[in-house]
2 protein chains.
Amino acid sequence: MARVFNFSAGPSVLPEVVLKQAADEMLDYKGSGMSVMEMSHRSKVYDNIIKEAEKDLRDLMDIPDNYKVLFLQGGASQQFAAIPMNLMKNGVADYIITGQWAKKACEEAKKYGKVNVVASSADKTFSYIPDCSDLPISEDADYVYICHNNTIYGTTYKKLPNTKGKILVADMSSDILSQPVNVSDYGLIYFGVQKNVGPAGVVVVIIREDLIRDDVPTYCPTMLKYKTQADNDSLYNTPPCYGIYICGLVFKWVKEMGGLSAMKIHNEKKAAILYDFLDSSKMFHGTVVKEDRSLMNVPFVTGNEELDAKFVKEATAAGFVNLKGHRTVGGMRASIYNAMPIEGVEKLVAFMKDFEEKNS
Amino acid sequence: MARVFNFSAGPSVLPEVVLKQAADEMLDYKGSGMSVMEMSHRSKVYDNIIKEAEKDLRDLMDIPDNYKVLFLQGGASQQFAAIPMNLMKNGVADYIITGQWAKKACEEAKKYGKVNVVASSADKTFSYIPDCSDLPISEDADYVYICHNNTIYGTTYKKLPNTKGKILVADMSSDILSQPVNVSDYGLIYFGVQKNVGPAGVVVVIIREDLIRDDVPTYCPTMLKYKTQADNDSLYNTPPCYGIYICGLVFKWVKEMGGLSAMKIHNEKKAAILYDFLDSSKMFHGTVVKEDRSLMNVPFVTGNEELDAKFVKEATAAGFVNLKGHRTVGGMRASIYNAMPIEGVEKLVAFMKDFEEKNS
């Protein structure tokens, strides 16, 4: 069978050349006589893999020297606990709630200190990003937390919140490497890799060195303490070696594509094709306010649940898969991450036009 | 280049047929049009993969119905914290220290309650398993903890400790699936998969259902609470999907090899070839008391550091790799996990004999 166009929200499509290389190297990585899965994480050959992955990510994101890059496990959900345990000194944090993931992070943080919700778009099913220019930031907040791109709802920050000098912490799981980022704007950026970078099971934390503390609460598991991981260059115990290797291949692919500025152009082009059609269609329309639209996740509906279901079914049969929307939004969602080719979006829109004609 | 004989302690050799299948399915898993890395963990096709992996593991180990199987992240090191957080009701646990990993588990547990070391073989560099027939088990111990096979030192329990009715918890990272296990003897068995099962980044917890509690301490991260994972069949968040898929392929391979009884015969045969030679050699000898020898990890020395180094160097050049011993034991260590073929051990012994002749 041919490869499908996979619009999954995550885990999601990876560059075909990366998968091909991984398949080619499966039994013998560069003459080592073994798979990357079989290598000691303390071996020279693996050390090169993880070091090069870090270097390529630093190059791509232009990460300043005073930031550490950690390759960890447990996904974003585990960071929901690790962040407050590591960053709360005053025991206070401010959260901006723009969707389910920010909400979950906020709930988890409440176990570890006083948490204030300083803004939320829950009133309109998270279909917009709140005005964050003048929020009631807590005087003693250890950090302000955002989810930079909301996978489920399809919104994204076009302008960062005014944190009034407090540290900004961002979950970038669903838009990392999709466009340039000014890392210095953040105290901590993290992302589960399974949307735009690699296979599930790796989460990357980019943290300003002065935020890495030794005096975390005693109950903080050694594995969740950033200092443990920073002091050991992510090799305190066996890391998810193979996942990191795939991430490294994707970093090289993004570099070859021209880096983050080129990815941004590529992603804007794809998103425009889809949004322009949604804005002109009489059947399909987007669910999000225009100015907060995500480049990565595009939810849309027909307004008719039966028609939505029919569309998803026929699209799947035609090779456009995983278009069913999240249950809290309904309808459809097309996730068009870095590895989704323009061709995939063009063909999807052609299919949508055809469907609209046939079903009007 | 040809595949080497890889004696790495972990991550370690995997069955070649499994790697071949993974390479073949990399771009298109069974006609799905996508890699397992690209699949939504909520999709039907992935659900089959994880369910089948669990079923095959249950079959292999004959896991009773009142035990849950959890596929988690963070490795054994994260379980060092999760176990006391989840299992301590009285806040007391007894640990038997037979090596570095048991010791690390014990140190971590001290954060969460009162921990008693009820036996240790630290006095002789962990070269034996202490007599555990009549230990000073704490009356209010929530569990007794062991590391069932000691990767670094090459010892293993031939007889389980008498826990005097307390729950037994075992780290089986380095000997899981190497021989039959009576799961009912344990309250909890866990293993990092990267030695005998799959790629680093998956840890499997087999836990008796009545030990899964809701009233864990508030500070326990949601991700580390067994109830979270059990209630969600390991899908609370995105699991390490690809690693679990590879584990599933290895489970099928072990079944095809005849299951755990057959693996035991296979492993005993391999170990005997190496131990018999060590017992007859005038140059090489094992470092562990005979009755506690591991089937999986075989440390040995010449008694001369220069000669050890020469041996490791020449063995590597001849395609026998990762034989350098752990720094705390010195000398050499051959890890001969399930996927190491008999041929690999036979050829290694032939090489050792030849080396002995040339260097005597």
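# Two domains, two chains and their charged pairs

Modeller: In this predicted model, the centres of domain 1 of chain A and domain 2 of chain A lie 27 Å apart, taken over C-alpha atoms. Domain 1 of chain A covers residues 16–256 and domain 2 of chain A covers 257–359.

Colleague: What makes a residue part of the contact between domain 1 of chain A and domain 2 of chain A, and how many residues take part?

Modeller: The test is heavy atoms within 4.5 Å. By that test, domain 1 of chain A brings 29 residues and domain 2 of chain A brings 27 residues. Putting these two domains together buries about 2,300 Å², with carbon and sulfur atoms giving 55% of it.

Colleague: Which three residues supply the most of the area that domain 1 of chain A buries against domain 2 of chain A?

Modeller: They are Ile152(A), Ser178(A) and Trp253(A), which supply 22% of that area, more than any other three residues.

Colleague: How many salt bridges are counted between domain 1 of chain A and domain 2 of chain A, and how many residue pairs in polar contact?

Modeller: The salt bridge count between these domains is 0, while 21 residue pairs are in polar contact, with both residues at pLDDT 80 or more. On the side of domain 1 of chain A that touches domain 2 of chain A, α2 (44–61), β6 (149–150), β7 (155–156) and α6 each supply at least two residues. Of the elements there, α6(A) gives the most, with 4 residues. By class, that side has 11 nonpolar, 13 polar and 5 charged residues.

Colleague: Now for the two chains. How many residues does each of chain A and chain B bring to their contact?

Modeller: Chain A brings 61 residues, and chain B brings 61 residues. The area buried between chain A and chain B is about 4,700 Å², and 59% of it comes from carbon and sulfur atoms. In chain A, the residues losing the most area to chain B are Leu27(A), Met37(A) and Glu38(A), together 14% of what that side buries.

Colleague: How do you know that Glu38(A) forms a salt bridge with Arg3(B)?

Modeller: The cut-off is 4 Å between a side-chain nitrogen of Lys or Arg and a carboxyl oxygen of Asp or Glu. For Glu38(A) and Arg3(B), the closest N and O atoms are 2.6 Å apart, so the pair passes. In general, side chains of opposite charge can pair when their charged atoms come close.

Colleague: Where in the two chains do Arg3(B) and Glu38(A) sit?

Modeller: Arg3(B), the partner of Glu38(A) in this salt bridge, lies in the segment before β1 (5–6) of chain B, and Glu38(A) lies in the loop between α1 and α2 of chain A.

Colleague: Why is Glu38(A) called buried, and why is Arg3(B) called partly exposed?

Modeller: Buried means under 20% relative accessible area, and Glu38(A) has 1%, so Glu38(A) counts as buried. Arg3(B) has 24%, which falls between 20% and 50%, so Arg3(B) is partly exposed.

Colleague: How many salt bridges and polar pairs link chain A and chain B?

Modeller: Between chain A and chain B there are 2 salt bridges, and 24 residue pairs in polar contact, both residues at pLDDT 80 or more. On the side of chain A that touches chain B, α1 (16–24), α3 (75–87), α4 (100–109) and α6 (241–256) each supply at least two residues. That side divides into 31 nonpolar, 22 polar and 8 charged residues.

Colleague: What separates Lys51(A) and Asp47(A) in helix α2 of chain A?

Modeller: About one helical turn, because Lys51(A) and Asp47(A) are 4 residues apart in that helix. Their closest N and O atoms are 2.9 Å apart, within the 4 Å cut-off, so they form a salt bridge. Lys51(A) has 46% relative accessible area and is partly exposed. Asp47(A), at 24%, is partly exposed too.

Colleague: Which parts of the chain do Lys164(A) and Asp134(A) link?

Modeller: The side chains of Lys164(A) and Asp134(A) meet in a salt bridge, 2.6 Å from N to O. This pair links distant parts of the chain: Lys164(A) is in the loop between β7 and β8 (168–171), Asp134(A) is in the loop between β4 (114–120) and β5 (144–147), and they are 30 residues apart.

Colleague: What makes Asp134(A) exposed?

Modeller: Exposed means over 50%, and Asp134(A) has 60%, so Asp134(A) is exposed.

Notes: Residues are numbered from 1 along each chain as its sequence is written. Chains are lettered from A and ligands numbered from 1 in the order in which they are written. This is a predicted model: local features need pLDDT of at least 70, side-chain atom pairs count only at pLDDT 80 or more; totals for chains, interfaces and linings use all residues. Side-chain values use heavy atoms; hydrogens and water are left out. Buried area is the accessible area (1.4 Å probe) that two parts lose on being put together, summed over both. A polar contact is a pair of N or O atoms within 3.5 Å; within protein, one must be able to donate a hydrogen and the other to accept it, and residues adjacent in sequence count only if both atoms are side-chain atoms. Ala, Val, Leu, Ile, Met, Phe, Trp, Tyr, Cys and Pro count as nonpolar, Asp, Glu, Lys and Arg as charged, and the others, Gly among them, as polar. Domain bounds come from an automatic or database domain assignment. Buried means under 20% relative accessible area, exposed over 50%, partly exposed in between (1.4 Å probe, protein chains only).
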